[in-house]
Amino acid sequence: MDGVKAQAVVPNVAAGARGVADALSLHPNGRMFDRFLRACRGEPTDVTPVWFMRQAGRYMPEYRALRERYTLLEICKAPELALTVTLQPLRLGVDAAILFADILLPLEPMGAPFEFARGEGPVVHHPIRSAADVARLQVFEPEEGLGYVLEALRLIRRELDGKTPLIGFAGAPFTIASYLIEGGKSSQYQLTKQMMWSEPAVWHELMTKVSEVVRRYLRAQVTAGAQAVQLFDSWVGALSPADYRRHVLPHVRHILADLETTGVPVIHFGTNTATLLEAQREAGGTVLGVDWRIPLDEAWARIGYGTPIQGNMDPLLLLAPKEMAVARAREILAEAAGRPGHIFNLGHGIVPETPVETVQAVVAAVHGES
Ligand code: CP3
């Protein structure tokens with residue numbers, strides 16, 4: 001039976017109008033507030049839920065205003081500021097809030113401090129290149145090493161008051177390891193692959209440590225109030241399916257098998273992963289995130305319609321004329337064909353030059369409002 005209708009026949013009549021709305025999981029304005037979580041479970045929803053990676057960020061004037069006074073890391077480390085930024089994009093009408101933080105935050109408590117250098121992106125001061133470097137890395141307790149993130153989650157969850165679901169996140173082991181080894185952004189992942197192939201025992205030890213950090217961190221995020229979590233394997237598409245299976249998949253599975261026991265949905269995301277989808281699905285997760293390099297319908301047929309899917313608009317389409325962005329969003333909805341379990345998102349993060357009005361127009365279009 002249709003999940004929406006199943007809810008509708010059992011309203012809490014005794015509790016008055018607010019209680020009825022809760023039983024229907026509706027806002028007073030008629031919006032279904034848990035459509036994102038329902039879609040993560042593959043359940044039917046009133047309209048397709050939508051949120052965006054990097055939905056809080058430099059394309060928003062209110063974020064830029066705050067960034068004039070604080071650095072990115074200062075915002076991440078002050079729970080009140082992280083709360084403020086997390087809430088900023090909700091005015092766009094998105095169906096979920098994502099914790100404002102960064103996948104690189106665990107590096108510092110692991111013993112590999114970094115900074116965001118102007119124009120260069122992240123820079124790790126002492127990259128991890130040898131067995132001795134790996135041996136020095138700490139597997140820390142999240143409440144000790146990243147207590148400020150968990151505090152931000154508790155604050156945000158209280159503030160959202162159940163009206164908008166809250167997503168936590170972490171980087172996946174390959175993507176985090178690539179920053180640790182390369183010392184920053186990379187185009188070829190040359191040093192990373194070199195360690196993976198030439199020093200497999202060192203690689204395995206590094207991936208084991210990073211995976212255990214990420215497993216504990218995501219579990220702690222769930223305890224602190226995250227209602228879904230996303231694992232960002234942004235750069236894993238650099239690998240062949242065989243290398244992914246041999247050198248990465250067991251570590252991802254270590255994290256995802258444990259998170260499954262929490263009952264909280266996990267979005268397993270990567271880019272450039274058209275050849276890795278089956279292996280990523282095997283590694284685990286509730287929802288698979290895909291980018292625009294593969295048509296959504298093709299990706300979904302391959303992983304099977306029983307696995308919910310998130311994606312997959314090219315973020316640069318938000319720089320195209322607004323009408324084109326909206327038309328492309330509708331094409332993606334047509335590929336999803338109204339099946340339950342589609343969460344609309346981009347295939348990667350929003351870029352700073354994106355006009356807010358285009359983002360708003362896409363949200364409205366996904367919700368069938370224009
Ligand atoms: O999505 C969200 O709104 C939540 C916040 C979030 C940020 N980073 C804040 C941020 C999330 C989910 C991330 C994830 C992240 N961080 C990833 C995985 C996703 C992806 O984009 O692939 C990666 C690889 C990182 C590492 C990172 N952080 C890079 C490469 C950069 C760019 C550095 C630069 O100079 O632009 C960042 C910085 C960063 N993290 C910004 C934001 C909003 C840029 C804005 C700023 O500097 O204020």
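This section describes aromatic pairs, salt bridges, a charged surface patch and backbone features in a predicted model.

Aromatic contacts are considered before the charged groups. The structure holds 7 aromatic pairs. One of these is formed by Y63 and F100, whose rings adopt a tilted arrangement with 5.6 Å centre to centre and 55° between the planes. Y63 is located in helix 4 and F100 in the loop between strand 1 (97–98) and helix 7 (107–110), so this pair ties together parts that are 37 residues apart in sequence. Both partners fall below the 20% limit for burial: Y63 has a relative accessible area of 4% and is therefore buried, and F100 is likewise buried, with a relative accessible area of 8%.

An edge-to-face pair is formed by F169 and F232, with 5.4 Å centre to centre and 80° between the planes. This contact links distant parts of the chain, given that F169 belongs to strand 4 (residues 166–171) and F232 to strand 5 (residues 228–233), 63 residues apart. F169 and F232 are both buried. Together with F269, F169 and F232 form one aromatic cluster.

Helix 11 comprises residues 173–182, and 10 of its 10 residues are buried, so this helix is largely enclosed by the rest of the structure. The buried residues of helix 11 include the aromatic residues F174 and Y179, and the acidic residue E182 is also among them. Just after helix 11, the backbone at G183 takes a positive phi of about 85°.

Charged side chains are engaged in 17 salt bridges in the structure. In one of them, D34 is paired with R38, and the closest N and O atoms are 3.0 Å apart. Both residues of this pair, D34 and R38, are buried. A further salt bridge joins the side chains of R136 and D133 at 2.8 Å, N to O. R136 and D133 both belong to helix 8 (residues 131–136), where they are 3 residues apart, about one turn of the helix. The two partners differ in accessibility: R136 has a relative accessible area of 56% and is therefore exposed, whereas D133, at 16% relative accessibility, counts as buried.

R215 and D258 also form a salt bridge, with the closest N and O atoms 2.9 Å apart. This pair links distant parts of the chain, with R215 in helix 13 (residues 200–224) and D258 in helix 15 (residues 249–260), 43 residues apart. R215 is buried, with a relative accessible area of 18%, and D258 is buried with a relative accessible area of 18%. R215 and D258 belong to a network of salt bridges that also links E141, E212, R216 and R219.

On the surface, R54, R58, R67 and R118 form a positive patch. Of these residues, R54 is placed in the loop between helix 3 (35–40) and helix 4 (61–67). The relative accessible area of R54 is 55%, and this residue is therefore exposed.

Backbone geometry was also examined. Most residues other than glycine have a negative phi, and most peptide bonds are trans. Against this background, N272 has a positive phi of about 60° although this residue is not a glycine. N272 is found in the loop between strand 6 (266–270) and helix 16 (277–283). With 39% relative accessibility, N272 counts as partly exposed. A337, another residue other than glycine, has a positive phi near 55°. The position of A337 is in the loop between helix 18 (322–336) and strand 9, and at 49% relative accessibility A337 counts as partly exposed. The peptide bond joining G311 and N312 is cis, with omega about 0°. N312 is part of strand 8 (residues 309–313).

Strand 9 (residues 342–346) contains N345. N345 is buried, with a relative accessible area of 0%. N345 and T86 are separated by 259 residues in sequence and by 17 Å in space, C-alpha to C-alpha.

Key
Residues are numbered from 1 along each chain as its sequence is written. This is a predicted model: local features need pLDDT of at least 70, side-chain atom pairs count only at pLDDT 80 or more; totals for chains, interfaces and linings use all residues. Side-chain values use heavy atoms; hydrogens and water are left out. Patches are made of residues with over 30% relative accessible area and no salt bridge: like charges are joined within 9 Å, nonpolar side chains (Val, Leu, Ile, Met, Phe, Trp, Tyr) within 5 Å. Accessible areas come from the Shrake-Rupley method with a 1.4 Å probe; for residues, only the protein chains shown count as cover. A salt bridge is a side-chain nitrogen of Lys or Arg within 4 Å of a carboxyl oxygen of Asp or Glu. Lys and Arg count as positive and Asp and Glu as negative; His and the chain ends are not counted. The place of a charge is taken as NZ of Lys, CZ of Arg, CG of Asp or CD of Glu. Helices (H or I, at least four residues) and strands (E, at least two) are DSSP runs, numbered from the N terminus. Buried means under 20% relative accessible area, exposed over 50%, partly exposed in between (1.4 Å probe, protein chains only). Rings of Phe, Tyr and Trp (its six-membered ring) pair if their centres lie within 6.5 Å; planes under 30 degrees apart count as stacked, over 60 as edge-to-face and the rest as tilted.
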